[in-house]
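Work through the exercises below with the sequence and the model side by side. Each task is followed by a stepwise solution.

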Amino acid sequence: MMVMNLFDIPGHLRDKEFFESLLPDRGILIERIISTGQASPTGFWYDQDRDELVMLLQGEAQLAWPEGRTLSMGRGDWLLIPAHERHRVERTSSDPPCIWLAIHGQLT
């Protein structure tokens with residue numbers, strides 16, 4: 001058994017975005033995401049088949065929706081995004097990097 005730490009960021013990832021599945025996806029995907037200043041590409045919208053519970057453990061980020069609504073998130077904030085609710089990441093902090101915990105599944 002190996003103990004892992006959600007806040008450990010490997011040195012080679014300090015300027016990249018990183019997605020890590022924490023457990024095998026058996027209907028529910030639990031992943032850690034590390035963002036270091038990334039944003040969704042211009043015109044890109046996530047439209048996911050599953051609900052997403054997203055928690056920001058560290059850093060600051062801003063999400064946006066097609067109708068113009070935005071949401072600023074900080075350390076400890078969480079949000080449930082229903083399946084097929086189009087959204088995008090407008091910005092993420094790089095210092096400190098954003099550390100997200102996301103759970104994808106049929107949650108609602």
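Along β6, which side chains point to one face and are buried, and which point to the other and are not?

**Ground rules.** The model is predicted, so local features need pLDDT of at least 70, side-chain atom pairs count only at pLDDT 80 or more, and totals for chains, interfaces and linings use all residues. Residues are numbered from 1 along each chain as its sequence is written, and side-chain values use heavy atoms, with hydrogens and water left out.

**Exercise 1. Sort the side chains of β6, then find a pairing partner of this strand.**

Step 1. Fix the terms. Strands (E, at least two residues) and helices (H or I, at least four) are DSSP runs, numbered from the N terminus. Buried means under 20% relative accessible area, exposed over 50%, and partly exposed in between (1.4 Å probe, protein chains only).

Step 2. Sort. Leu-79 and Ile-81 share one face and are buried. Trp-78 and Leu-80 point to the other face and are not buried. In a regular strand, side chains alternate between the two faces of the sheet.

Step 3. Pair. Two strands pair if DSSP finds at least two bridges between them. β3 and β6 are joined by four bridges in the antiparallel sense. Opposite Ile-81 in β6 stands Glu-52.

**Exercise 2. Lay out the open sheet that contains β7.**

Step 1. Order the strands. Three strands run β5-β4-β7, with antiparallel pairing. The edges are β5 (70-73) and β7, each of which pairs on one side only.

Step 2. Give the twist. From one strand to the next, the average is 20 degrees. Axes are lines fitted to C-alpha atoms (for helices, over the stretch in contact), and angles run from 0 to 180 degrees between N-to-C directions.

Step 3. Count bridges. β4 (residues 61-64) and β7 pair over four bridges. Ala-64 has Arg-88 of β7 as its bridge partner.

**Exercise 3. Find salt bridges and classify the partners by accessibility.**

Step 1. Apply the cut-off: a side-chain nitrogen of Lys or Arg within 4 Å of a carboxyl oxygen of Asp or Glu. The whole structure yields five salt bridges.

Step 2. Take Glu-20 and Arg-32. Their closest N and O atoms are 2.9 Å apart. Glu-20 sits in strand β1 (residues 18-21) and Arg-32 in strand β2, 12 residues apart. Glu-20 is partly exposed because its relative accessibility is 22%. Arg-32 is at 6%, so Arg-32 counts as buried.

Step 3. Take Glu-85 and Arg-69. The N to O distance is 3.8 Å. Glu-85 lies in the loop between β6 and β7 and Arg-69 in the loop between β4 and β5, so this salt bridge ties together parts 16 residues apart in sequence. Both partners are partly exposed, Glu-85 at 25% and Arg-69 at 42%.

Step 4. Take Glu-90 and Arg-88. Their N to O distance is 2.5 Å. Glu-90 is partly exposed at 34%. Arg-88 is buried at 9%.

Step 5. Look for shared partners. Glu-67, Arg-69 and Glu-85 form one network of salt bridges.

**Exercise 4. Characterise the two largest pockets.**

Step 1. Define the search. On a 1 Å grid over the protein atoms alone, a pocket is an open set of points with protein on both sides within 12 Å along at least five of seven lines, whereas a cavity is a set where a 1.4 Å probe fits but cannot get out; lining residues have an atom within 4 Å of a point. Points are joined across faces, edges and corners, and the volume is the space filled by probe spheres set on them.

Step 2. Describe the largest pocket. The volume is about 300 Å³. The lining has 21 residues, with Phe-19, Ile-33, Tyr-46, Glu-52 and Val-89 nearest the centre. β2 gives the largest share, three residues.

Step 3. Describe the second largest pocket. The volume is about 180 Å³. The lining includes Glu-20 and Arg-32, the salt-bridge pair of Exercise 3.

**Exercise 5. Locate two backbone exceptions.**

Step 1. Check omega. Asp-95 and Pro-96 are joined by a cis peptide bond, with omega about 5 degrees. Pro-96 is in the loop between β7 and β8.

Step 2. Check phi. His-84 has a positive phi, near 65 degrees. His-84 lies in the loop between β6 (78-81) and β7. Most residues other than glycine have a negative phi, and most peptide bonds are trans.
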